[in-house]
Amino acid sequence: MASPQDIPPGTLERPSTENEIDKYVQTVESPDLWLEDGNIIIRTLSQGTPPRHTLYKVHKHVLALHCSAFATLFNGPQGAFDVGSECHDGLPIMDLPDDPDDVSHFLKALYFPQETQRHKPIASLPMKERWSPFPASYYGILRLTTKYDAQEIRNLVIPVLKAQWPSTLKAYDLLLGEHRGRSQRSSKVISLASSCSIPDILPFAFYALACRMRFSPPPSTAPHLDGSFTGLCPEDLCRLITGLVRLDAIMRRELFAVTSNWTADCPLVDSQQPGHVSACQDIGYIWEDSAAKDYIFVADPLYFLLRKQAELARHKDLCDHCRKHMTTSIGTLREALWKHLPTYFGFKNDLLASWGDSV
Ligand SMILES: [Zn+2]
């Protein structure tokens, strides 16, 4: 049996003649939320050609149980809501002005809250699903649970979003630095996080978008065609560009600092021979040069550092001291970058409840 998330609303449309389609608004019953003992009809309107009403036969009790906004509406003066409403099959109709897809996902979440947990925890998902596009259904659920004050369902969804747009470096590393697909949706997430008051996901959403900009910077047409930057307000665009410039400046400076701190203490340097250069120091100079060049072509600085750290950990010609010093230094640099992401993108840390907890 298909799950409710798999069946889009309105797939069991009643037959209509072409003339009817041309002249009238189509009316369809939701195939998966048409509950026989329901006592209220929710109606949405799709602005297609022709426009379409989708009806959901659900329970006032369930709506009121989850959403304080509906509880207030239904618990008003006795019968006022029922008397004042248009009816369908003897049941009162409540029109919701929201996006029909959002309403469908929202109602399904009220009846089947376990469906909101399919992407959590992300680390347990098969790799294909981990990288696959994050379902837009969560956005609709979040918008409407916020609007209609359904706190419990909202609190189920927020951790799922936070796992995709993490606030700790440890959680970011679970994504394996592979978030190009995610970055294409970052502008939507930024707008969602702002309107639904989830500031903790903003720094990484901006970081992911900054990576997108590094990967394919304007005036290349690609970012504009795929909509990566669509919907950002001027203030957010300014935040994005400022953050990217700051991040690049720090990276260029710190890449050099990492090697200079490292090579100074190599125990293989023969102090009896003035000007002696150890094998580790040679590797350090070459690494510094290649890292600076490689960085130009890198989209994701944090992932780049992770790969460089792994390369050095495997390097056979480094002494143990230098290998440890180098990998630790890169790890420290990654942690510092992460911790300061909110600052680069102009956020105040005190507005972010759990940013960088245990890095
Ligand atoms: Zn050494």
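Me: Two residues are in contact if their C-beta atoms, placed from the backbone, lie within 7 Å. Which residues in H11 meet which residues in H12?

Reply: In this predicted model, Ser186, Ser187, Val189, Ile190 and Ala193 of H11 meet Leu202, Ala205, Phe206, Ala208 and Leu209 of H12. By class, the contact of H11 with H12 has 8 nonpolar, 2 polar and no charged residues.

Me: Why are H11 and H12 called roughly antiparallel?

Reply: Helix H11 (residues 186–195) and helix H12 (residues 202–215) pack at about 160 degrees, and their axes are 9 Å apart. Angles over 145 degrees count as roughly antiparallel. H11 and H12 are therefore roughly antiparallel to each other. The crossing in which H11 passes H12 is left-handed.

Me: What makes H7 oblique to H8?

Reply: The axes of H7 (residues 137–147) and H8 (residues 151–164) come within 9 Å and cross at roughly 140 degrees. Roughly antiparallel needs an angle over 145 degrees, and roughly perpendicular covers 65 to 115. The angle falls in neither class, and that makes H7 oblique to H8. The crossing of H7 and H8 is left-handed.

Me: Which residues make the contact of H7 and H8?

Reply: H7 contributes Tyr138, Ile141, Leu142, Thr145 and Thr146, and H8 contributes Ile153, Arg154, Val157, Val160 and Leu161. The contact of H7 with H8 divides into 7 nonpolar, 2 polar and 1 charged residues.

Me: How do you know that H7 is mostly covered?

Reply: A residue is buried if 20 or more other C-beta atoms lie within 10 Å of its own. In H7, 8 of the 11 residues are buried. They are Ser137, Tyr138, Tyr139, Gly140, Ile141, Leu142, Leu144 and Thr145. The buried residues of H7 pack against helix H5 (100–111), H8 and H11. For the chain of 359 residues, the buried part is 32%.

Me: What is the sign of phi in Asp149, and which helix does Asp149 follow?

Reply: Asp149 follows H7 and has a positive phi, near 55 degrees. Most residues other than glycine have a negative phi. Two other residues can be set against that statement. Ser197, also not a glycine, has a positive phi near 55 degrees, and Asp89, again not a glycine, has a positive phi of about 50 degrees.

Me: Why do Ser197 and Asp89 count as exposed?

Reply: The cut-off for exposed is 12 or fewer other C-beta atoms within 10 Å. Ser197 has 8 and is therefore exposed; Ser197 is found in the loop between H11 and H12. Asp89 also has 8 such neighbours, so Asp89 counts as exposed. Its place is the loop between E4 and strand E5 (91–95).

Me: What makes Glu36 exposed, and where is Glu36?

Reply: With 5 C-beta neighbours inside 10 Å, Glu36 falls under the cut-off and counts as exposed. Glu36 is in the loop between strand E1 (26–34) and strand E2 (40–46). Its C-alpha is 8.4 Å from that of Val58, at a sequence separation of 22 residues.

Me: Why do E1 and E4 stand at the edges?

Reply: The 5 strands form an open sheet in the order E1-E3-E2-E5-E4, with mixed pairing. E1 and E4 (87–88) each have a single partner strand, so one side of each is left without a neighbour in the sheet.

Me: How do you know that E3 pairs with E1 and with E2?

Reply: Two strands pair if DSSP finds at least two bridges between them. E1 is joined to E3 by 5 bridges, and these strands run parallel. E2 is joined to E3 (residues 52–58) by 7 bridges, and these strands run antiparallel. Both counts satisfy the criterion. Leu55 in E3 stands opposite Glu29 and is also the bridge partner of Arg43. H5 packs on the sheet, touching E1, E2 and E3, and its direction makes about 150 degrees with that of E2. Val58 in E3 is the bridge partner of Ile40. The hairpin that joins E2 to E3 runs through 5 residues.

Me: Why is E3 called largely enclosed?

Reply: Of the 7 residues of E3, 5 are buried, so E3 is largely enclosed by the rest of the structure.

Technical notes
Residues numbered from 1 in each chain as written. Predicted model: local features only at pLDDT ≥ 70, side-chain atom pairs only at ≥ 80, totals over all residues. Axes fitted to C-alpha atoms, helices over the stretch in contact; angles between N-to-C directions. Helix = DSSP H or I, 4+ residues; strand = E, 2+ residues; numbered from the N terminus. Parallel < 35°, antiparallel > 145°, perpendicular 65-115°, else oblique. Left-handed = near helix turned anticlockwise from the far one by under 90°. Nonpolar A, V, L, I, M, F, W, Y, C, P; charged D, E, K, R; others polar.
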